[in-house]
Amino acid sequence: MTTAIVQADDFSGAAEVAHQFSDCGLATRILLTTTRPSASTPVAGDCDVIVFDTHSRGMSPEAAAATVRDAVSHAATDNPSLVFKKTDSLWRGNIAAELSALAGLGYHVVLAGAFPAMERTVVDGNPLASGLALRASGLWHAEPTAPPEDLAELFPVDGGVRFVALDDVRSADLKVRLASALSGGVPTIVVVDGETDSDLAAVVDAVAALGFAAAGRPVALAGTGQLAGIFARRLAGGSAHKTQSLGRAAEPSAVRHGGRGVLAVVGSASPAARRQVEGLAAVGFDVVCVGPGSEGPHAEGPRAADLRAALGQGRPVALAVAETPVDPSRSAAIIARLALLAQEIEQGLRPDLILTGGETAREVLDVLGVTSLVPRIAVQHGAVVSAADDGRLVATKPGSFGDEHVLAQLYQAIRSHTSTPRAGLPAR
């Protein structure tokens, strides 16, 4: 029976939180769905945790809300489960619409959106990055809009949203204060401050002490991957599962033997991403940079044939965004071009994958026909290797995560798993 349902709006975030649960010994599967899952989709049974990537960050608010309603309501039918909504630590995406969708299903929502491990905090309802206002941090440079200065900006004035200050989070009676905030007759969203891991743990403890319910309604938790990790550890504390005995039915098809190559697709032109691509070049990747020119799978001409030949010989290949200023309005077209080029290069070869950025990862997985994955290991926080349902390994990370070595570390993790059988991962 499924213990928890998790919804993320992009794939790298889904993999990030899925690994948090899997690492605690909970049998976890990631499902790629933007519509209501079919009746045959494995959304219950032997999985403790189902993570839905609704791929909704770039949708309209109305479409994003609809996908969340479909995924959560279908998965919860006849199988009451705890609900966790993963939010972006930089407050991107349709956060208000997706939380409101949960409220529309009858859930109260407690949102703790800080990520202290990356110095992303919330104080007095204001999002901060390394102590600076998020708007002054430069971390939204690739976004077409400005970040919120105050989280109240995300929600309608009459949207039934309450705010809990840091002093209240750290008080001895946080449970009582949350219960009071959730005591009304309608579903309520409560946004809480947070600066430390202890602040996030206090929120999880208080909601758990309420039995994940208040005033006759279920309470959903919402927040970043760091909050998900705390939530996962609490769930695992009451679970009979052990890391060595993951649910067998949650396994994808066996990973196949063979000397396949590795294809990396890096959908970011940030300085950090460029340094990470340099790390791939240093370990032997053939790197080709794709500019914002003509779209289409054949845009690279003969170069695509060269890269395909390299993959066929078992050599690693990387597609990256060229070092040119990128108009945010063209980002989706560039990512689509990367995905189509990846499809042309890998056709019939099925290499293992390294994918950077949630939107890039999802576009590539969609064109390659991957529909579900099981998380395996992480080399850094959020940098996760998963086993896909078609037998390949897929390494992913959020675009803003990781040091300059992270992509090379993901490559080494794939090579390690394909050359030596490891616990919990079938040999090829």
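This is a short walk through one predicted model, from its overall numbers to a few strands, one helix and some aromatic pairs.

I'll start with the whole chain. The protein has 428 residues, and 53% of them are buried. Its secondary structure comes to 12 helices and 19 strands. The accessible surface is about 16400 Å², and carbon and sulfur atoms account for 52% of that. On contacts: take the ones between residues at least 6 apart in sequence, and 74% of those join residues at least 24 apart.

Next, confidence. Mean pLDDT is 85, with 84% of the residues at 70 or more. Two stretches need a caution. Over residues 239-258 the pLDDT stays under 50, and the model has 49 contacts beyond four places in sequence for that stretch. Residues 294-302 also stay under 50, with 15 such contacts in the model. Where pLDDT is low, the predicted coordinates should not be read in detail. I will leave both stretches there.

Now to strand β12. This strand covers residues 217-223, and five of its seven residues are buried. Which strands pair with β12 in the parallel sense? One is β4, residues 82-86, joined to β12 by three bridges. Another is β5, residues 108-112, which pairs with β12 over five bridges. If you want to find the register on screen, Lys85 stands opposite Ala222 of β12, and Val109 has Ala220 of β12 as its bridge partner.

There is also an antiparallel partner. Strand β11, residues 213-214, pairs with β12 over two bridges, and Ala214 is matched with Arg217. β11 and β12 make a hairpin with two residues between them. In that turn, Ala215 has a positive phi of about 50 degrees.

A second piece of sheet is the set β6, β7 and β8. These three strands form an open sheet in the order β6-β7-β8, paired antiparallel. β6, at 120-123, and β8, at 132-133, are the edge strands with a single partner strand each, so one side of each has no neighbour in the sheet. Between β6 and β7, residues 126-129, there are four antiparallel bridges. Val123 stands opposite Asn126 of β7.

On to helix α1. Does its length look stretched or as expected? It has 13 residues, 11-23, and at 1.5 Å a residue they should span 18 Å; the end C-alpha atoms are 18 Å apart, so the two agree. The helix is mostly covered, with 12 of the 13 residues buried. The buried set includes charged and polar names as well as hydrophobic ones, among them Glu16, His19, Gln20, Val17 and Phe21. An α-helix has 3.6 residues a turn, so residues three or four places apart point the same way. After α1 comes Gly25, with a positive phi near 90 degrees.

Last topic, the aromatics. A search of the whole structure gives five aromatic pairs. I'll show two. In the pair of Phe21 and Phe231, the centres are 5.9 Å apart and the planes are at 90 degrees, which is edge-to-face. Why does this pair link separate parts of the chain? Phe21 lies in α1 and Phe231 lies in helix α7, residues 225-237, so the pair ties together parts that are 210 residues apart in sequence. Phe21 has 0% relative accessibility and therefore counts as buried. Phe231, at 1%, counts as buried too.

The other pair is Phe285 with Tyr411, also edge-to-face, at 4.8 Å centre to centre and 75 degrees between the planes. Phe285 sits in the loop between α8 (271-282) and β14 (286-290), while Tyr411 is in helix α12, residues 406-419, and the two are 126 residues apart. At 6% relative accessibility, Phe285 counts as buried, and at 7% Tyr411 does as well.

Going back to Phe21 and Phe231, both belong to an aromatic cluster that also holds Phe84 and Phe212.

To close, here are the places I would put on screen. For the sheet, β12 with β5 on five parallel bridges and β4 on three. For the helix, α1 with 12 of its 13 residues buried. For the aromatics, the cluster of Phe21, Phe84, Phe212 and Phe231.

Methods:
Residues are numbered from 1 along each chain as its sequence is written. This is a predicted model: local features need pLDDT of at least 70, side-chain atom pairs count only at pLDDT 80 or more; totals for chains, interfaces and linings use all residues. Side-chain values use heavy atoms; hydrogens and water are left out. Buried means under 20% relative accessible area, exposed over 50%, partly exposed in between (1.4 Å probe, protein chains only). Two strands pair if DSSP finds at least two bridges between them. The expected span of a helix is 1.5 Å times one less than its number of residues. Rings of Phe, Tyr and Trp (its six-membered ring) pair if their centres lie within 6.5 Å; planes under 30 degrees apart count as stacked, over 60 as edge-to-face and the rest as tilted. Contact means heavy atoms within 4.5 Å. Accessible areas come from the Shrake-Rupley method with a 1.4 Å probe; for residues, only the protein chains shown count as cover. pLDDT is the predictor's confidence in each residue, from 0 to 100.
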